[in-house]
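Q: Got a minute to walk through this one with me? I have the structure coming up now.

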There are 2 protein chains.
Amino acid sequence: MSSVPSEIRSSAPVQLSRRWQWGSKQPISFLMEQAVQNPGVISLAAGLVDHQTLPVAETRSAAAALLADETLAKQALQYGTTQGSERLRRQLLTHLAGLEKCPVDRLGIDAEQLVLTTGSQQLLSLIGEVLLDPGDIVLAAAPTYFAFLGTLNGLGARTIPVATDAGGLQIDALERELKRLEKVGELSRVKLIYVVSYYENPTGISLAADRRAVVVEVARRWSKQQRILVLEDAAYREIRFDGPDLPSLWSFDQAHDTVLLAQTFSKSFSPGFRVGYGVVPRELVAPLCDRKGNEDFGSANFNQHLLATVLERGLYAEHVSMLRQTYRAKRDAMLTAADRYFGGIDGVQWVHPHGGLYVWMTLPETFDTGFDGPFFSHATQVERVMYVPGDVCYAGPAETRPRNQMRLSYGTQTPAGIDEGMRRLASAVRKFVE
Amino acid sequence: MSSVPSEIRSSAPVQLSRRWQWGSKQPISFLMEQAVQNPGVISLAAGLVDHQTLPVAETRSAAAALLADETLAKQALQYGTTQGSERLRRQLLTHLAGLEKCPVDRLGIDAEQLVLTTGSQQLLSLIGEVLLDPGDIVLAAAPTYFAFLGTLNGLGARTIPVATDAGGLQIDALERELKRLEKVGELSRVKLIYVVSYYENPTGISLAADRRAVVVEVARRWSKQQRILVLEDAAYREIRFDGPDLPSLWSFDQAHDTVLLAQTFSKSFSPGFRVGYGVVPRELVAPLCDRKGNEDFGSANFNQHLLATVLERGLYAEHVSMLRQTYRAKRDAMLTAADRYFGGIDGVQWVHPHGGLYVWMTLPETFDTGFDGPFFSHATQVERVMYVPGDVCYAGPAETRPRNQMRLSYGTQTPAGIDEGMRRLASAVRKFVE
């Protein structure tokens, strides 16, 4: 570029939008930079799926079948609708009925209430776009899924953290917060309660069985001037190892006018397809599709058809059952390693997850696991192990966030890699305990 | 739903965001509803690609090759980066060099300046998101691509129409508008000049050769407090039949700091893949990827790899050459039919396009081709032929827009269907002339 004479370069600065500024700093980017800068590191940070489990044979078989059918192939290669392939949406009804353990005709919805998106992330983003004006309020568990916190920041929304325990979001804390907001005249700004209902990213905790109907009831009861919707993010629902097979919050919303259910095939099949979907109240279908039409006219139709063929040919169920076994073994490897290496360190605790990809670990209160602290540098550069600092998973001002926690993922490493990673991490912790 | 007791239904209204309200009414939705409600209609409205030309054999061959390579297949099925597959971005450099008729190392950019999106529509939307605050100004040809006008409305931006002639955007009109905006103190709100540079949708007109460098120079000269960027939408660039093979506006921006070039494989290969891409000034890569990260973490990696394999195996060039022949024959069919059926009607004129998918027709000034007028109903319901009313392609207040124009597409119909559609349309026109 130095060969370009300066007189033809623009000297005026590019002026970016306010919206860009709200959303600009995502912790995920920093983590990815760190991974690049520390190539020998064992990453317990990445929330990616296991490379070895990716469904090559299943995709090969589905692609061959889809592309052998000239009519279907042309449908798949043409534009789809903004809402997404009806062929896939119909199959998802059956899939959903299987998850909810009821016949399709008892679901209380039809394929018109499903919206297909580029991963469930796009669904979360679109829901934010159509519901939230700058300053509007979302209530969410503390801690919760950090990428969605970033998306909400990008909309200029306010996220208010609600206390959690071993059963997830605490109902009394949720009600207390709603009461407080009413008192200060802000109840009318509350638009959403965000709940990651199964094996939450980052804690691995599922919302307790007896709180599921209650969250829906609370949302409805506090819907005074405007409706308070519940956004149920069930991304990890199908990655279940043991423990109870819980019904969704959505299933307790009999009128299907309060809960939006977000699911995805990124964890249970292939993230490379980027197929997520939402089941949404009927009156929200058009607003979401209008907004999606503005953004991209619809996600890749080809992938939606490919996935429909995968489901149709029974290639999916078998794959998920293999995945569960693989990740269960990895979860066990991480818990065993946690006992082995952290068992003797005072004040270290961790959650035993029944599914998903994460173990949430709490260190003694003197610890600061943050990106800027000496512990993160020591772990990354000396012990060569990486984790996600817990504080990025909390909404609210930095000074109010616990800083002594870590999200550890067993998704991408082998059991041996998990063991070695945990050994290194414990060694880093001991260094800072002593 | 009637079985759900009313006491468990929410009575509080859903309150949608201001942003949703800005973007809610898209003419494309109305057109699609009309197509569904009038099934026997010949649509000269749809801007879709010809179903018969969709690359089934090419995709079959590329998918088999990609999925036979276990390592590459797993890469494709895993998450990609938000910016998009580096493998495809590198190939696009070669592709772009071919279009610009220069060696890759003379392009003056590297693969880091390419961003892959869900169709070029998502790129246009992201550019709007990172640059435009509500009230910011975009200058665009009158008429121009209506879906982008909808996207700009959805951002709360103001689009100011600039007069055009047979050579596209008029430079003196552009300068006049900039001068006027400076005078009223609004120059600092101007962020973008939007130019569909090849076979514009809707007019089929390409920006004249001698105006291409000038637009870049004008943008630079009027960049005073802030940079005024040029967004060059080259969606139809490769669908060229005859006439000069023009260099892009982007090629005149030697420092590559002023023009953003948007291209797509939706028209030239498969819209079902939804792979579009942008070549953008270096300093805009991170803001665009940050925003895209908030929205979807990246488009489908699988499709990007599939397309990379298509390009790598030389399957693309042959397909495009076949497409050109097919669409040229259809363009000829539409122009021949226009002569045959409209030749005898006073005051009817149309543009002869050298590429793309559209013929732009102007009727006598007494006509109102709008959705609400009697002519649209008569054409659709009595003659059973559909077009896109010209007024939806204009920015600015409804009362200032010409209402006697139509966008006619030869994309999806056979030559015989085009002939019959034009016969019906002329019959509708005669009914309103007499």
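Q: How many bridges join β10(A) to β11(A), and do they run parallel or antiparallel?
A: Two bridges join them, and the strands run antiparallel. Bear in mind that this is a predicted model.

Q: What stands opposite A:Gln349?
A: A:Thr362, in β11(A).

Q: Which strands form the open sheet, and in what order?
A: Four strands of chain A, in the order β10-β11-β14-β13. The pairing is antiparallel.

Q: Which ones stand at the edges?
A: β10 (349-350) and β13 (388-389) of chain A. Each has a single partner strand, so one side of each has no neighbour in the sheet.

Q: Switching to α12(A). What span should its 28 residues give?
A: 40 Å, at 1.5 Å a residue. The end C-alpha atoms are 40 Å apart, which agrees.

Q: Which residues in α12(A) are buried?
A: Among them are A:Tyr316, A:His319, A:Tyr327, A:Lys330 and A:Arg331. The buried set also includes A:Ala333, A:Met334, A:Ala337, A:Ala338 and A:Tyr341.

Q: And what do those buried residues pack against?
A: Helices α3, α11 and α14 (415-433) of chain A, plus strands β10, β11 and β14 (405-409) of chain A.

Q: Domains next. How is chain A divided?
A: Into domain 1 (17-54 + 318-433) and domain 2 (75-313). Their C-alpha centres lie 25 Å apart.

Q: How many residues does the contact take from each domain?
A: 33 from domain 1 of chain A and 34 from domain 2 of chain A.

Q: Which elements give two or more residues on the domain 1 side?
A: α1 (18-22), α2 (27-37), α12 (315-342) and β11 (358-362) of chain A. The largest share, seven residues, comes from α12(A).

Q: What's the chemistry on that side of domain 1?
A: 19 nonpolar, nine polar and five charged residues.

Q: OK, now the other chain. How many residues of chain A are in contact with chain B?
A: 78 residues of chain A are in contact with 78 residues of chain B.

Q: Which element of chain A gives the most there?
A: α10(A), with eight residues. Other elements giving two or more include α1, α3 (56-68), α4 (70-77) and α6 (119-131) of chain A. α7 (146-154) and α11 (301-312) of chain A are also among them.

Q: And how do the residues on that side of chain A divide?
A: Into 30 nonpolar, 30 polar and 18 charged.

Note on methods
Residues are numbered from 1 along each chain as its sequence is written. Chains are lettered from A and ligands numbered from 1 in the order in which they are written. This is a predicted model: local features need pLDDT of at least 70, side-chain atom pairs count only at pLDDT 80 or more; totals for chains, interfaces and linings use all residues. Domain bounds come from an automatic or database domain assignment. Two residues are in contact if their C-beta atoms, placed from the backbone, lie within 7 Å. Ala, Val, Leu, Ile, Met, Phe, Trp, Tyr, Cys and Pro count as nonpolar, Asp, Glu, Lys and Arg as charged, and the others, Gly among them, as polar. Two strands pair if DSSP finds at least two bridges between them. The expected span of a helix is 1.5 Å times one less than its number of residues. A residue is buried if 20 or more other C-beta atoms lie within 10 Å of its own, exposed if 12 or fewer, and partly exposed in between; C-beta atoms are placed from the backbone.
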